[in-house]
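Biologist: I have a two-chain structure open beside its sequence, and I would like a close look at one part of it. Could you walk me through that part and then place it in its surroundings?

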Amino acid sequence: MEAANYFMKELEKNNADDIILKEVNAKNYQIKFYNSKIDIVKEYDFSKLIVFVTKGKKTMLTSVKKLDKNNLKKKAREIMKFISMLPDSDYYGIADGPFKYRSKDGLFSKEAMNISKAIKLCEEAISEAMDNGATRVAGVFEGSESNEKLMSNHNVRASQKESQTYLSIRSLTDHKNGTSSGHMTSISRDLKGLDAVNKAKESAEISIQGIKSKKINVGKYDIIYYPLASSSIIENIGDAASMFSVETQSSCFINKLNKKVGNDNVTISDDPTNNRNPGSSLYDEEGVPTRKNIIIKEGVFKKYLHNTSTAKKYKTKTTANAGIPKPEASSTKLHPKDSNIEEMIRTTKKGLIVTNTWYTRFQSYIKGDFSTIPRDTILIVKNGSIVGSTYGIRLNDNLIRMMKNIELIGKKSKPIAGWETERINQIPLFKVKNVLVTRPK
Amino acid sequence: MNYEAAAEFAMNYALKKGAEFVDVRADYEIGNAFAMHNGVLNFASSSTSEGIGVRVKNKGWSFFSTNKLEKEFIKKLVSKAINQAQKIKLNDDVKLSDERTYKRTYSAKEKIKVSSLSPDEKIKLLKDLEKETKNSAEGRTYYLSDTQRERIILTSEGTRIKSYIPQVYSYYVISVINNSKTSEHFLSFGASSGYESWKKWNLAERIKREAGTLKKSLKYGKTIKPGFKDVVVAPEVTGIIVHESCGHPLEADRVLGREAAQAGESFVKPNMLGQLIGGVNVNIADDPTLPGSFGFYLFDDEGVKARRKMLMKNGRINEFLHNRESAYALGTKSNGSARSTSYSFEPIVRMSNTFMLPGDYKEEELIENVKDGVYIKSFMEWNIDDKRLNQKYVGAEAYEIKNGKLGKPLLNPVIEITTPQLYKAVDAVANNTEYFAGTCGKGEPMQGIPVWFGGPSFRMRRIFVR
């Protein structure tokens, strides 16, 4: 923190008001594979100092790379010159420390950065998928470690060291009618937690279930969403709960406080507090200890997500969702209930099991209208049984209508990451009634 | 060391350590960004970044990138990368096509230099835009950013390309309300130029016109009676169509399966070159050499000379987009389509400026010959499957066409169609080309890259609209 301490003093000498400095040193690697072979191993090694500075109601976000004293002295002057030219922002302050943080246990495993072991695991996963029906396998295997320190001139001092591993594996099965596929992802703090070989097997098993697929009629279907399939949709609920989204009219929760927005069985929180889950953090971007915030409780919208500035503006308390300069969701969690895949299938007369989606796009963020495209194997459920698979469809829904139509929720909520999602969310299997399914004529 | 010295050092050290092949991309980039919502500045940032990305072949392939440009640290990373590459099981499929080497320096033209405007002058552009448009739409988010990027590309074969590309980018999101009904629209503009482009975009007039028409649509618009109709789309819709359903499926790395677990594969197979999938008047190009364009470059990020690629010619699949890896795999030469968002990422196959070539008709003539149809001027929601076959576009501003004339506004007409159905239905192309900017996402880690997409209005006969 020597550079950060020095820079803090320089900024104060130049009459900055509020200052937050975050120093990050990160290393990560990625093993990329396709057509069942490793293509390339990539490594990234970076350090940066992220800087938030204010002068009155003027605010600025920047980063500094060269941390020698001469450069920091020069940078402090440049930043204050830049900020003096800005107009006032809608800004009300940062958090006052000091704070106590929970234990760091579980955040870090040295094993995550063992690349040799990761390459071996990756090769085993590819073989497992091939042995279980894949004709081609593609994906990435990643590991990272990040060491960060955060300080502010409002008595905040925080630090954490964390690791993360990630596997994304897609099995493709070529057959006479085309190609079917199954995709699984896994995220952990260490290599073992990825359960890489089993995930590879599951991806191949999903793929071969899609071999004999047939067209279905358009219309209303009950949809059973795998976690990977729903994560990119559910995380929009976290985004829409941010006070920033409300202020910029890009939220379906405007004027919805204490109003019914979901079925009684739907409870959704923003929860980055389980250290073992990648995506968790001890503190937010202002250094406020993170907490679990219930956004929707039993179907009723209960809370917008705030940082200190928006909280002061609306005369409430921060929810520890800074985000500089805007409040942001961290990890959106759909709370598990007591159902399972067997019950979901058994209770479905006309439905589909969607294992993955992509390209979720909104026609209106205010209304919450969206469509998304199921990718990989889609199973057809008829009168309580799986009767085949289909392809080439699109799901058309609305965020609030979807939450009101969630009928059953699975028992286990696990962290889920994917190419289509921005954050790591925690989502169980769930079933939604009456979703409009369309396809090109 | 600065980025250029670090690039040279990494190259020389990797060769000294016995690498079979090395290429290096190194950048120094300055960026500024500002965002305003309903007149209040809610984001201001300024940043610089500098670093190198190095790819080495030593039996297998490895890549590293860093912003720590000290000699000893780079030595450590180079040695590690060379060792790492040797440990990977040899994959014979991964080789690079042979290409001519170049030594060149070039830059994009910049009349009003990005560096010549102070932060307050840039913010004034947003404030003036807000002043002119504040009574037009209930919600107004305006964003403005600029970058100045110096890049050097070195290959162990002898290529050395140095470039300077300034860019200016802006987007707006407007939302209008009428009797508790809402409508939203997003649009972005960008150029590899100085601030002279800002004036050309004429955003205030565009926003006022759009807000007015969206309000009228909410007030008087009707839902469409689903059926097979003739559809005329305007350049904004043409742009997204050609980008999604022609540019992406013809990226050779998708065709070969390299993106299978990320952005997906393609319905196009290697043996489909020359296959007719569209009307004979459909010609679509990707061309990074357009001066001032947002996807501008003269040499790609593997040092291959850029050129126009005719992706679809008279309705036939004509050419894939290639980098050196995909070109080798398909037994051809790279056509200069390798791009990396910054020094920190590997170069992969990307679009640049993708557009339909204009035809001979005026837009009015396309409409005049429609008895019962739809005119879609702009869109909001769209998506396409990961093989680039099944796509959907939802109109934001749209009108019915009755007996050759535009009629009542339509509320969100939907086209849901396959790629061959779409292009085969094209029977006439207008001469009114317009380009729009976007940040195209691909790769893992995600690489958002500046592109243009556009073209003229065109007409499709008898497609299903709901």
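Biologist: How many residue pairs are in polar contact across the interface of domain 1 of chain A and domain 2 of chain A?

Modeller: Happy to help, and please keep in mind that this is a predicted model. Across the interface of domain 1 and domain 2 of chain A there are 26 residue pairs in polar contact, with both residues of a pair at pLDDT 80 or more. On the side of domain 1 of chain A that touches domain 2, the elements giving two or more residues are β1 (19-34), β4 (136-152), β5 (156-175), β6 (178-188) and α4 (196-209) of chain A. The largest share of that side comes from β5(A), with 8 residues. Sorted by class, the side of domain 1 of chain A that touches domain 2 of chain A holds 16 nonpolar, 13 polar and 11 charged residues.

Charged partners meet here too. Between domain 1 and domain 2 of chain A the count is 3 salt bridges. If you want a pair to find on screen, look for A:Glu285 and A:Lys22, which form a salt bridge with their closest N and O atoms 2.8 Å apart.

Now for the two bodies that make this contact. The domain assignment of chain A gives domain 1 as residues 2-209 and domain 2 as residues 219-438. Taken over C-alpha atoms, the centres of these two domains of chain A are separated by 23 Å. Domain 1 of chain A brings 40 residues to the contact, and domain 2 of chain A brings 42 residues. The size of an interface is often given as the accessible area lost when the parts come together. By that yardstick, domain 1 and domain 2 of chain A bury about 3,300 Å² between them, with 53% of it on carbon and sulfur atoms. Three residues are worth picking out: A:Tyr92, A:Arg102 and A:Ile187 supply 20% of the area that domain 1 of chain A buries against domain 2 of chain A, more than any other three residues.

Chain B has a domain pair of its own, so to speak, and you can set it beside the one in chain A. In chain B the domain assignment gives domain 1 (3-216) and domain 2 (227-465). The C-alpha centres of these domains of chain B lie 22 Å apart. Their contact takes 52 residues from domain 1 of chain B and 44 residues from domain 2 of chain B. About 3,700 Å² is buried between domain 1 and domain 2 of chain B, 55% of it on carbon and sulfur atoms.

The polar side of the chain B interface can be described in the same terms. Between domain 1 and domain 2 of chain B, the rule finds 5 salt bridges. Here the pair to look up is B:Arg55 and B:Glu302, whose side chains meet in a salt bridge at 2.8 Å, N to O. Across this interface of chain B, 22 residue pairs are in polar contact, both residues being at pLDDT 80 or more. On the domain 1 side of chain B that touches domain 2, β7(B) gives the most, with 8 residues. By class, that side of domain 1 of chain B has 19 nonpolar, 15 polar and 18 charged residues.

Finally, step back to where the two chains meet. The contact between them takes 88 residues from chain B and 74 residues from chain A. Chain B and chain A bury about 6,700 Å² between them, and 50% of this lies on carbon and sulfur atoms. The rule finds 10 salt bridges across the interface of chain B and chain A. One to look up is A:Arg394 with B:Glu416, where the closest N and O atoms are 2.6 Å apart. The count of residue pairs in polar contact between chain B and chain A is 50, both residues at pLDDT 80 or more. Strand β2 (residues 40-58) of chain B gives the largest share of the side of chain B that touches chain A, 11 residues. The side of chain B that touches chain A divides into 29 nonpolar, 32 polar and 27 charged residues. Strand pairing also crosses between the chains: 2 bridges join strand β3 (residues 58-64) of chain A to β2(B), and these strands run parallel. To see this pairing on screen, find A:Thr62, which stands opposite B:Ser46 in β2(B).

Conventions. Residues numbered from 1 in each chain as written. Chains lettered and ligands numbered in written order. Predicted model: local features only at pLDDT ≥ 70, side-chain atom pairs only at ≥ 80, totals over all residues. Heavy atoms only, no water. Contact = heavy atoms within 4.5 Å. Buried area = accessible area lost by both parts, 1.4 Å probe. Salt bridge = Lys/Arg side-chain N within 4 Å of Asp/Glu carboxyl O. Polar contact = N/O pair within 3.5 Å; in protein donor to acceptor, adjacent residues only side chain to side chain. Helix = DSSP H or I, 4+ residues; strand = E, 2+ residues; numbered from the N terminus. Nonpolar A, V, L, I, M, F, W, Y, C, P; charged D, E, K, R; others polar. Pairing = 2+ DSSP bridges. Domains from an automatic or database assignment.
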